[in-house]
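Student: Before we discuss any labels, could you show me the model, so that each term can be set against its value?

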Amino acid sequence: MVAGLTFKHNILALPVAVLVWLLLTNRRHAVAWMGGCLLSLCLLGGVYYASFGPDFVQGVLGHKRIFRAYGLLKGLGNVLGLSGMVASCAFVPWLRLRHRYGLLLGLYLALAAASAIVQRTGMGVSHNACFEALIAASLCAGLAMSSLATGARMIGRVPARIVLVGMVGLNLLPVMVSMPAYVPYLYRVSVTSIANHLDASNETVAAVRAIDGNVACETLALCYWAHKPVVMDFFNYSQHVAVTHDATALERVVDRHDVAAFVSNSLFDTQEDVWEFTDLWRIIRARYTHARLQGVAYIVTP
């Protein structure tokens with residue numbers, strides 16, 4: 001459970017499913033599980049606090065996010081995209097799995113699907129919300145395929161091998177339908193764009209690297225390649241301002257000129273997205289009045 005919190009895309013449904021499963025099947029083991037989680041949380045939290053200080057605690061517990069109800073429909077659509085794998089669950093030998101593992105797998109699948117739908121309501125959350133649901137559905141599909149391949153020869157009046165081929169086709173159907181259109185799209189928006197703007201991108205990185213002092217990049221990769229530390233996450237801070245209506249920290253940094261320069265989003269994006277977080281840029285441009293186009297981004301300085 002604690003290890004799941006250390007991943008960028010949190011693995012939460014599985015440890016919760018394990019906890020519920022243990023409470024239903026063996027409460028003594030459940031107590032040991034929770035004790036181990038508490039001990040691990042203290043140790044891991046201590047290591048992180050020693051490494052990053054109170055900013056770590058504030059960043060985790062004080063994180064703000066805007067939630068939109070219409071995201072539930074997007075999450076439901078993502079989960080329905082796994083319906084082929086979920087259909088395989090009909091052939092999982094639930095009751096024959098040892099130690100009531102069938103109950104554990106069922107809990108995991110249900111919680112992962114629910115988690116995906118709820119997480120999709122958060123701003124900035126996309127298909128990454130469905131990773132756990134994909135893992136759970138893949139486990140079900142794998143067990144079903146194994147059962148069909150090694151179990152009874154007939155499923156009713158239909159040979160098990162015919163059902164197996166049908167299930168494999170059903171599982172691969174979303175991939176086969178989307179690949180012909182999606183792969184060329186990815187190539188066009190990523191590989192082609194990068195190749196066409198490589199020199200300009202290198203020019204931006206070199207200019208950011210040459211700046212003396214900290215730089216806040218709207219596109220974090222620019223600061224990464226320029227070997228600059230991350231001093232501001234525009235998206236997360238914009239969420240904080242939208243929820244709390246408090247931009248005091250940014251106003252203080254701007255008034256003191258604590259940051260040498262701010263860098264806009266890459267011109268790979270649409271022109272509207274070059275200055276995506278307009279509320280933040282309005283505060284910045286009040287004190288940082290010089291903007292020059294350097295390669296694929298604007299560099300804004302006092």
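Tutor: Here is the predicted model, and a good place to begin is the cluster into which ring pairs link Phe234, Phe262, Phe277, Trp281 and Tyr288.

Student: How many aromatic pairs does a search of the whole structure find?

Tutor: The search finds eight aromatic pairs.

Student: Why is the pair of Tyr224 and Trp225 called edge-to-face?

Tutor: The ring centres of Tyr224 and Trp225 lie 5.2 Å apart with the planes at 80°, and since a pair requires centres within 6.5 Å and edge-to-face requires planes over 60 degrees apart, the pair is edge-to-face.

Student: What makes Tyr224 and Trp225 count as exposed?

Tutor: Exposed means over 50% relative accessible area; Tyr224 has 57% and Trp225 has 54%, so Tyr224 is exposed and Trp225 counts as exposed as well.

Student: How do you know which label fits the rings of Phe262 and Trp281?

Tutor: Their centres are 6.3 Å apart and their planes stand at 75°, so this pair, too, is edge-to-face. The pair links distant parts of the chain, with Phe262 in strand 4 (residues 261-263) and Trp281 in helix 13 (residues 278-287), 19 residues apart.

Student: Are Phe262 and Trp281 buried or exposed, and what makes them so?

Tutor: Buried means under 20% relative accessible area; because Phe262 has a value of 1%, Phe262 is buried, and because Trp281 is at 4%, Trp281 counts as buried.

Student: What share of the residues in the protein chain count as buried?

Tutor: Of the 302 residues of the protein chain, 33% count as buried.

Conventions:
Residues numbered from 1 in each chain as written. Predicted model: local features only at pLDDT ≥ 70, side-chain atom pairs only at ≥ 80, totals over all residues. Heavy atoms only, no water. Buried < 20%, exposed > 50% of the residue type's maximum accessible area, 1.4 Å probe, protein only. Phe/Tyr/Trp six-rings, centres within 6.5 Å; stacked < 30°, edge-to-face > 60°. Helix = DSSP H or I, 4+ residues; strand = E, 2+ residues; numbered from the N terminus.
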